Amino acid sequence: MPSEVRLTIFIVICVLLGLFFLFLFLYSPVKNFLRKNYTVRSYYKKIMRVAEDNDYYLINQWAMKWGEGKNEGIHIDHILFGNKYIYVIKDRYYRGAITAKAEDRSWVYYRSKKSKKYIDNPLLLNKIRADRLSISANQPRQYFVSIVLVNDDCLVTPFHNLDDGNYLLSLSQLPKFINNYESRKVKPFSEKELSAVVRDLAALNQNERK
């Protein structure tokens with residue numbers, strides 16, 4: 001076999017091996033990146049579907065400065081305006097499992113069997129957002145429901161939620177949860193009242209001005 005042919009075969013084999021090892025190296029992080037981004041997009045699709053099916057108002061990516069600190073502020077992924085309640089929704093993606101208690105300041109997040117870290121309790125953080133949104137909207141706090149939305153494949157230890165109005169839900173649970181919550185026997189907003197709240201919060205949204 002001519003030396004040129006052997007050299008060509010050697011180069012082809014080296015390239016194929018390099019591509020194979022590159023694939024093995026990148027497969028897991030690329031897969032996780034795509035899964036995370038697909039999941040985040042699916043949050044928007046699911047919430048938009050709930051809004052469209054029920055003819056609800058929806059504001060995505062609402063933000064407002066709060067206080068004097070450089071890092072102070074409110075950022076809410078979705079504000080869904082039902083007929084009776086206003087849902088303050090924060091998206092969270094966790095690849096792994098969570099050990100959680102509603103009242104704990106920190107939760108244990110297991111990304112793998114050998115990797116764990118403590119994270120701030122997202123329920124407590126989102127409750128603060130709902131509190132501040134209520135003040136910003138000049139509406140009673142009991143009309144605001146805090147929801148932390150997590151991916152369906154996130155494993156969360158069952159826990160008892162002592163706070164009615166502050167919930168951790170998987171994405172697939174959201175439509176049924178909203179329907180059940182809206183079926184509570186409370187007086188609905190009038191169209192005029194609800195439109196005014198939506199208009200006022202939309203005007204306060206500083207994210208639109210960036």
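## Helices packed on the sheet

In this predicted model, helix α2, made of residues 122-137, lies across five strands: β1, β2, β3 (86-92), β7 (144-150) and β9. The direction of α2 makes about 145° with that of β7. Helix α4, residues 191-204, also packs on the sheet and touches β1, β2 and β3. The angle between α4 and β1 is about 35°.

## The open sheet

The sheet beneath these contacts is open and has 5 strands, in the order β1-β2-β3-β7-β9, with mixed pairing. At its edges stand β1 and β9 (166-170). Each of these two has a single partner strand, so one side of each is left without a neighbour in the sheet. On average, neighbouring strands are turned by 30° against each other, direction ignored.

Strands of a sheet pair through backbone hydrogen bonds, in a parallel or an antiparallel way. Here β1 and β2 (residues 74-81) run antiparallel and are joined by 7 bridges. One residue pair can be named: N60 has H78 in β2 as its bridge partner.

## The chain as a whole

The chain contains 4 helices and 9 strands. Along the sequence they follow the pattern α-β-β-β-β-β-β-α-β-β-β-α-α.

Of the 210 residues in the chain, 36% are buried. The exposed area of the chain is about 13,400 Å², and carbon and sulfur atoms supply 58% of that area. Among contacts with a separation of 6 or more, 55% are between residues 24 or more positions apart.

## Positive phi angles

Two residues that are not glycine have positive phi values: D55, at about 60°, and Q61, near 55°. D55 is found in the loop between α1 (3-54) and β1 (57-64), while Q61 has its place in strand β1.

Their accessibility can be read against the cut-offs. A relative accessible area over 50% means exposed, and values from there down to 20% mean partly exposed. D55 has a relative accessibility of 71%, so D55 counts as exposed. Q61, with a relative accessible area of 23%, is partly exposed.

## Aromatic pairs

A pair of aromatic rings is described by the distance of the centres and the angle of the planes. The whole structure holds 7 aromatic pairs. One of them is formed by Y94 and Y109 and is edge-to-face, with 5.2 Å from centre to centre and 70° between the planes. Y94 lies in the loop between β3 and β4 (97-99), and Y109 lies in strand β5 (residues 106-112), so the pair ties together parts that are 15 residues apart in sequence. Y94 counts as buried, because its relative accessibility is 7%. Y109 is buried too, with a relative accessible area of 7%.

Ring pairs also link Y85, Y87, Y167, F177 and Y181 into a cluster. One member of this cluster, Y181, has a charged group over its ring: the charged end of R184 sits 3.8 Å from the ring centre.

Technical notes: Residues numbered from 1 in each chain as written. Predicted model: local features only at pLDDT ≥ 70, side-chain atom pairs only at ≥ 80, totals over all residues. Heavy atoms only, no water. Buried < 20%, exposed > 50% of the residue type's maximum accessible area, 1.4 Å probe, protein only. Contact = heavy atoms within 4.5 Å. Areas by Shrake-Rupley, 256 points an atom, 1.4 Å probe, with all protein chains shown as cover. Pairing = 2+ DSSP bridges. Axes fitted to C-alpha atoms, helices over the stretch in contact; angles between N-to-C directions. Phe/Tyr/Trp six-rings, centres within 6.5 Å; stacked < 30°, edge-to-face > 60°. Lys NZ or Arg CZ within 6 Å of the ring centre and 35° of its normal.
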